[in-house]
Amino acid sequence: MIIDDGFDRVDLRSVSRRLDCREDELTAIVPTLEELVVRTLERETNQMIGAALDNISRDPNGGLLSRIYYYVLTSVYENELVRRLYLTDPRSLGRMVSAIDGFEFRPRTAIPEQLVIDLQNAGLVRHDSHPATVAAILTALSAGLALSAPTIDFDRAARGAEDALRTLVDADVTDTTRGKEIYHAYALELQTAFR
């Protein structure tokens with residue numbers, strides 16, 4: 001409904017009509033539209049995290065930053081609600097997040113500096129890489145991909161980012177198990193924040 005009708009046109013009455021139930025039956029489960037939005041975004045976020053974790057776990061090189069970033073990017077892009085809102089109606093996505101958090105939405109990188117530091121300490125990011133710079137570049141790259149995704153070959157751009165990270169940031173290792181463990185712990189912490 002949010003995708004088709006726009007966030008401003010969705011309320012509990014229209015949701016109950018779409019579900020073919022009485023509004024009081026719906027409010028017994030979710031008392032406010034904000035709570036319904038929170039639950040929806042939590043569900044979608046957890047699905048994206050789960051998809052990225054599955055791909056990272058199966059990939060022998062999944063613990064490298066290049067692969068983590070690629071799988072996080074593709075999990076976001078493959079989520080229909082988030083992708084369509086982010087690409088076609090980012091203001092509504094911002095308002096939804098604002099309603100949840102009570103402050104203006106600011107895009108954040110999916111790969112924070114601390115994760116890069118932890119991967120570097122585990123020997124999976126080159127010792128001459130600067131984690132703050134890497135995280136800042138990934139933030140800018142993520143925002144640019146989101147803004148240009150309707151007009152570019154997303155997979156080609158995501159593969160290009162992966163190639164650049166593999167060449168410039170990834171350490172030359174044969175076992176990436178520790179990186180998978182680090183990202184897994186980070187993802188579980190993130191999922192906990194969305195419950």
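Does Thr167 count as buried or exposed, and at what relative accessibility? Thr167 counts as exposed because its relative accessibility is 55%; exposed means over 50% relative accessible area, buried under 20%, and partly exposed in between, with a 1.4 Å probe and protein chains only. The model is predicted, so local features need pLDDT of at least 70 and side-chain atom pairs count only at pLDDT 80 or more, while totals for chains, interfaces and linings use all residues. Residues are numbered from 1 along each chain as its sequence is written, and side-chain values use heavy atoms, with hydrogens and water left out.

The protein chain has eleven helices and zero strands. Helices (H or I, at least four residues) and strands (E, at least two) are DSSP runs, numbered from the N terminus. Of the 195 residues in the chain, 41% are buried. Among contacts with a separation of 6 or more, 67% join residues 24 or more positions apart, a contact being heavy atoms within 4.5 Å.

Thr167 is found in helix 10. Helix 10 covers residues 154–168, 15 in number, and spans 21 Å from its first C-alpha to its last, close to the 21 Å expected at 1.5 Å a residue; the expected span is 1.5 Å times one less than the number of residues. Phe154, Ala158, Ala161, Glu162 and Leu165 are the buried residues of this helix. They lie on the same side of helix 10 because they cover an arc of only 100° around the axis, taken from the directions from the helix axis to the C-beta atoms. Arg156, Thr167 and Leu168 are exposed on the other side of helix 10. The side chain of Thr167 has a polar atom 2.9 Å from the backbone oxygen of Asp163. The C-alpha atom of Thr167 is 8.9 Å from that of Ser66, 101 residues away along the chain.

The interior comes next. The largest nonpolar core (buried Ala, Val, Leu, Ile, Met, Phe, Trp, Tyr and Cys residues joined through side-chain atoms within 4.5 Å) has 29 residues, and Leu65, Ile68, Tyr69, Ile111, Leu119, Leu138 and Tyr183 have the most contacts inside it. Helices 4, 5, 8, 9, 10 and 11 each supply at least two residues of this core. Helix 5 gives the most, with seven residues. Leaving aside neighbours within four places in sequence, Tyr69 is in contact with Ile111, Leu138, Leu141, Ser142, Ala161 and Leu165. A second, separate core of twelve residues includes Val10, Val37, Leu81 and Leu85.

Technical notes:
Polar contact = N/O pair within 3.5 Å; in protein donor to acceptor, adjacent residues only side chain to side chain.
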